[in-house]
Amino acid sequence: MKKVRVFAPASIANMGCGFDVIGLALDEVGDILEITASEGDGLTITNETDVPIPEDIEKNVITPVVRSFLKKIGQKAQIDVTICEKIYPGSGIGSSAASSAAAAFGMNELFGCPLSEEEVVVCAMEGENLASGGYHADNAAPAVMGGIVLIRGYEPLDLIQLPVPGNFYCAVVHPHIVVTTKEAREILPKAVPMHDAVRQWGNVGGLVAGLCTGNISLIGHSMQDYVAEPYRKQFIPGFDELRGKILKAGALAMNISGSGPSVFALCDNKQVADKAGKILKDHFDALEIGSEVYVVKVSNKGAKLTHITI
């Protein structure tokens, strides 16, 4: 019998303009799983947190990840997973991806790392598919790899790790508004006008260039979304007013985190991030909407082992 304890970080998808193709990892916040492998053929999942997860194991994102991994390596085993810490589902900071990434990374460590890092991401994407009905890597890739990741293509999967310049922090608010990933995707138009598409391509290029050259101003200017945010912001009361306050406080940009309802402000120092966090909290308090606020550094670290027992 062998057991590992694994942490995988929360993440923010899209970074504004990078719909489905860019994501970043957050420091400190994330999921912790303990995974045990022994002789046999089965899977159990035990939740030791106060966060609700599906009672039906077939609806848990960990299940397809574990099964996909074992199928890839051609082995059978009894796998027992304990969820020790869990991001609240629907928070918009990669709850399903954190569990999926921790499960994929942990399984790979248990079995002697037979898969490459990119193949671990592919396994984690199985959980994302269960959660949202699509194989997306903009949360799963940074949760596994850390830092900021560009998904250049999906067929085949092509991942590029981008540099994290400066002293980046994110202030993230999770308002107690229920917006499912599927609901947030269904509201999007099936076609994008050419004018908007061109502006979006320009911003994605600008964001990547800014990250690679350390041009902080360019990064902030490029984080404008013309594809998803104009439709999704209706789920978030006072979104435009809130953005005005955040930018006035010195943040580089404010966008919806993934499919929402979380909102994040990217800042180039902790002082501004703390100020942005307070503005985010005060905004939803004034609307009598409960919320949690995180002010954390953009992390270069992805999934990691915290303990191993042989």
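This report covers the helices, salt bridges, pocket and cavity of a predicted model.

## Helix 6

Helix 6 runs over residues 194-213. At 1.5 Å a residue, its 20 residues should span 28 Å. The end C-alpha atoms are 28 Å apart, so the span agrees with expectation. Just after the helix comes Gly 214, with a positive phi of about 75°.

Part of helix 6 is buried. The buried residues are Asp 196, Ala 197, Gln 200, Asn 203, Gly 206, Leu 207, Val 208, Gly 210 and Leu 211. What covers them? The cover includes strand 2, strand 5 (148-154), strand 6 (157-162) and helix 7.

## Asn 203, a residue of helix 6

Asn 203 lies in helix 6. Its relative accessible area is 12%. Buried means under 20%, so Asn 203 counts as buried.

Which residues touch Asn 203, leaving aside its neighbours within four places in sequence? They are Cys 17, His 221, Ser 222, Gln 224 and Tyr 226. Gly 16 is 187 residues away along the chain from Asn 203, yet their C-alpha atoms are separated by 9.1 Å.

## Helix 2

Helix 2 (95-110) follows a loop that starts after strand 4 (78-85). The helix has 16 residues. From first C-alpha to last it reaches 23 Å, close to the 22 Å expected at 1.5 Å a residue.

This helix is mostly covered. Of its 16 residues, 15 are buried. Just after helix 2, Gly 112 takes a positive phi of about 85°.

## Salt bridges

How many salt bridges does a search of the whole structure find? The count is eleven. One of them joins the side chains of Lys 86 and Asp 31, at 2.7 Å from N to O. This pair links distant parts of the chain. Lys 86 sits in the loop between strand 4 and helix 2, while Asp 31 belongs to strand 2 (residues 22-38). The two are 55 residues apart. Are these partners buried or exposed? Lys 86 is buried, with a relative accessible area of 16%. Asp 31 is buried too, at 0%.

Glu 58 and Arg 67 form another salt bridge. Their closest N and O atoms are 2.8 Å apart. Here the partners have some exposure. Glu 58 is partly exposed, with a relative accessible area of 40%. Arg 67 is also partly exposed, at 43%.

A further salt bridge connects the side chains of Glu 229 and Arg 243, at 2.7 Å from N to O. Glu 229 is in helix 8 and Arg 243 is in helix 9. They are 14 residues apart, and the pair links distant parts of the chain. Glu 229 is buried, with a relative accessible area of 7%.

## The second largest pocket

Glu 229 and Arg 243 also appear at a pocket. The second largest pocket holds about 190 Å³ of space. It is lined by 14 residues. Those closest to its centre are Met 223, Gln 224, Asp 225, Glu 229 and Arg 243.

Which elements each supply at least two residues of this lining? They are helix 7 (216-222), helix 8 (229-232), helix 9 (239-248) and strand 8 (253-256). By type, the lining divides into seven nonpolar, three polar and four charged residues.

## The cavity

Rolling a probe the size of a water molecule over the atoms shows where empty space is left. The structure holds one cavity of 30 Å³ or more. About 50 Å³ of space lies in the largest cavity.

Its lining is made of Asn 14, Gly 16, Asp 225, Ala 228, Glu 229, Arg 232, Asn 255, Ile 256 and Gly 258. Helix 8 and strand 8 each supply at least two of these residues. Two lining residues are nonpolar, four are polar and three are charged. Asp 225 and Glu 229 line this cavity, and both are among the residues closest to the centre of the second largest pocket.

## An exposed loop residue

Glu 55 lies in the loop between strand 3 (42-47) and helix 1 (62-73). Is Glu 55 buried or exposed? At 86% relative accessibility, Glu 55 counts as exposed. Ile 45 is ten residues away along the chain, and the C-alpha atoms of the two are separated by 9.3 Å.

Note on methods
Residues are numbered from 1 along each chain as its sequence is written. This is a predicted model: local features need pLDDT of at least 70, side-chain atom pairs count only at pLDDT 80 or more; totals for chains, interfaces and linings use all residues. Side-chain values use heavy atoms; hydrogens and water are left out. On a 1 Å grid over the protein atoms alone, a cavity is a set of points where a 1.4 Å probe fits but cannot get out, and a pocket is an open set with protein on both sides within 12 Å along at least five of seven lines; lining residues have an atom within 4 Å of a point. Grid points are joined across faces, edges and corners, and a volume is the space filled by probe spheres set on the points. Helices (H or I, at least four residues) and strands (E, at least two) are DSSP runs, numbered from the N terminus. Ala, Val, Leu, Ile, Met, Phe, Trp, Tyr, Cys and Pro count as nonpolar, Asp, Glu, Lys and Arg as charged, and the others, Gly among them, as polar. A salt bridge is a side-chain nitrogen of Lys or Arg within 4 Å of a carboxyl oxygen of Asp or Glu. Buried means under 20% relative accessible area, exposed over 50%, partly exposed in between (1.4 Å probe, protein chains only). The expected span of a helix is 1.5 Å times one less than its number of residues. Contact means heavy atoms within 4.5 Å.
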